[in-house]
Amino acid sequence: KTDVEPLVNGAYDQMAQLASTAEYEVLLATMWYDTDIAGRSPGAVIADSVADLYNQVKANPENYPRGLTVRILLGNPPELATGDFSGQLWSVLEDIRDAGVPEMTNQEIGWNLQVADYKGAWPHSHTKLLVVDGKTAVAAGYNMTYEHYSEEHPSGKGGGRNDLGIQVTGPVAQDSVLAFDELWVGSDERTCTDFDPIYGVWQATCYDFKATGQHVPEVMKYYI
């Protein structure tokens, strides 16, 4: 039993709060990612924190001398989908754009947003992981899906499925960075040069390539 009041979006609010503290890098991996159809999907909650980071970097780039990188990796589970528009990767891009982020990269201020799909579908990646600055990590059992909201969630779509996550700070977070890189490197990364494409056709401005993983030295330090 606890006297702590539950957050509206549960652990997703806690993860968003952690992500918003990043000074160098945010790494997020999830297997499933629901399209935002009720206004407050778990992905939309995280997207809001990404928008907060973008606004912080844009307003005060001097506070981010190494720039700031956000990497989001989906697990590419087998899904019954027809056409690119039904892929989960498009939902990530739409959520972040709708949250107010106008661009994936801006070298002038040091902003770098990267999204990718795990390279394999049989098997896919089951990993649910968040790492901030190579210092603090969250290992979770829940995906970015409505299913893991409480049944009383304001979206009206909560599935009431309980699952757990654990947040740790210290050297073990470095192992989490390595685990993320094992999944990220070689995955299908997608970049879009225009977040407001003509007629809303993402394909007109996006292209895919194989992901690579680099980190600034500060992210690769061991923290007590």
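# Close-up views of a predicted model

**Figure 1. A nonpolar patch around a loop residue.** Tyr199 sits in the loop that runs between β8 (188-192) and β9 (206-210). Keep in mind from the start that this is a predicted model. Is Tyr199 buried or exposed? Tyr199 is exposed, because its relative accessible area is 81% and the cut-off for exposed is over 50%. Tyr199 has company, too: together with Ile198 and Val201, Tyr199 forms a nonpolar patch on the surface. The accessible area of the three residues together is about 390 Å².

**Figure 2. The largest pocket.** This view takes us to the largest pocket, whose volume is about 710 Å³. How many residues line the largest pocket? The count is 28, and the ones nearest the centre are Asn9, Gly10, Ala11, Gln14 and Asp163. Two elements give two or more residues to this lining, namely α1 (11-19) and β7 (165-169). The largest share comes from α1, with four residues. As for chemistry, the lining of the largest pocket is a mix of 13 nonpolar, 11 polar and four charged residues.

**Figure 3. The largest cavity.** Now for the closed spaces: the structure holds two cavities of 30 Å³ or more. The largest cavity has a volume of about 40 Å³. Its lining is made up of Leu28, Tyr33, Gly43, Ile46, Ala47, Ile72, Val92 and Ile96. The elements that supply two or more of these residues are α2 (42-59) and α3 (88-98). Which helix gives the most to the lining? That would be α2, with three residues. Sort the lining of the largest cavity by type and you get seven nonpolar residues, one polar and no charged.

**Figure 4. The second largest cavity.** The volume here is about 30 Å³. Around the second largest cavity you'll find Met15, Leu28, Ala29, Thr30, Lys128, Leu129, Ala140, Tyr142 and Met144. Strand β1 (residues 25-30) gives the most to this lining, with three residues. The lining of the second largest cavity splits into seven nonpolar residues, one polar and one charged. If Leu28 rings a bell, that's because Leu28 is listed in the lining of the largest cavity and in the lining of the second largest cavity, given that a lining residue is one with an atom within 4 Å of a point.

**Figure 5. Two loop residues with positive phi.** Take a look at the backbone of Asn76, where phi is near 55°, a positive value in a residue other than glycine. Asn76 is in the loop between β2 (68-74) and α3. With a relative accessible area of 21%, Asn76 is partly exposed. Asp133 isn't a glycine either, and its phi is positive at about 60°. You'll find Asp133 in the loop between β5 (129-132) and β6 (136-140). Is Asp133 buried or exposed? Asp133 counts as buried, since its relative accessibility is 7% and buried means under 20%.

**Figure 6. A salt bridge between Arg66 and Glu218.** Side chains of opposite charge can pair when their charged atoms come close. The structure holds seven salt bridges. One of them joins Arg66 and Glu218, with the closest N and O atoms 3.1 Å apart. Arg66 belongs to the loop between α2 and β2, while Glu218 is in the segment after β9, so this pair ties together parts that are 152 residues apart in sequence. Arg66 is partly exposed, at 45% relative accessible area, whereas Glu218 counts as buried, at 19%.

**Figure 7. A salt bridge between Glu147 and Arg161.** In this pair the closest N and O atoms are 2.9 Å apart. Glu147 and Arg161 both lie in the loop between β6 and β7, so the pair ties together parts that are 14 residues apart in sequence. Glu147 counts as partly exposed, at 39% relative accessibility, and Arg161 counts as partly exposed too, at 42%.

**Figure 8. A salt bridge between Arg190 and Asp208.** The closest N and O atoms of Arg190 and Asp208 are 2.9 Å apart. Here the partners come from strands: Arg190 lies in β8 and Asp208 in β9, so the salt bridge ties together parts that are 18 residues apart in sequence. Which partner is buried and which is partly exposed? Arg190 counts as buried, at 12% relative accessibility, while Asp208 is partly exposed, with a relative accessible area of 43%.

Conventions. Residues are numbered from 1 along each chain as its sequence is written. This is a predicted model: local features need pLDDT of at least 70, side-chain atom pairs count only at pLDDT 80 or more; totals for chains, interfaces and linings use all residues. Side-chain values use heavy atoms; hydrogens and water are left out. Patches are made of residues with over 30% relative accessible area and no salt bridge: like charges are joined within 9 Å, nonpolar side chains (Val, Leu, Ile, Met, Phe, Trp, Tyr) within 5 Å. Accessible areas come from the Shrake-Rupley method with a 1.4 Å probe; for residues, only the protein chains shown count as cover. A salt bridge is a side-chain nitrogen of Lys or Arg within 4 Å of a carboxyl oxygen of Asp or Glu. Buried means under 20% relative accessible area, exposed over 50%, partly exposed in between (1.4 Å probe, protein chains only). On a 1 Å grid over the protein atoms alone, a cavity is a set of points where a 1.4 Å probe fits but cannot get out, and a pocket is an open set with protein on both sides within 12 Å along at least five of seven lines; lining residues have an atom within 4 Å of a point. Grid points are joined across faces, edges and corners, and a volume is the space filled by probe spheres set on the points. Ala, Val, Leu, Ile, Met, Phe, Trp, Tyr, Cys and Pro count as nonpolar, Asp, Glu, Lys and Arg as charged, and the others, Gly among them, as polar.
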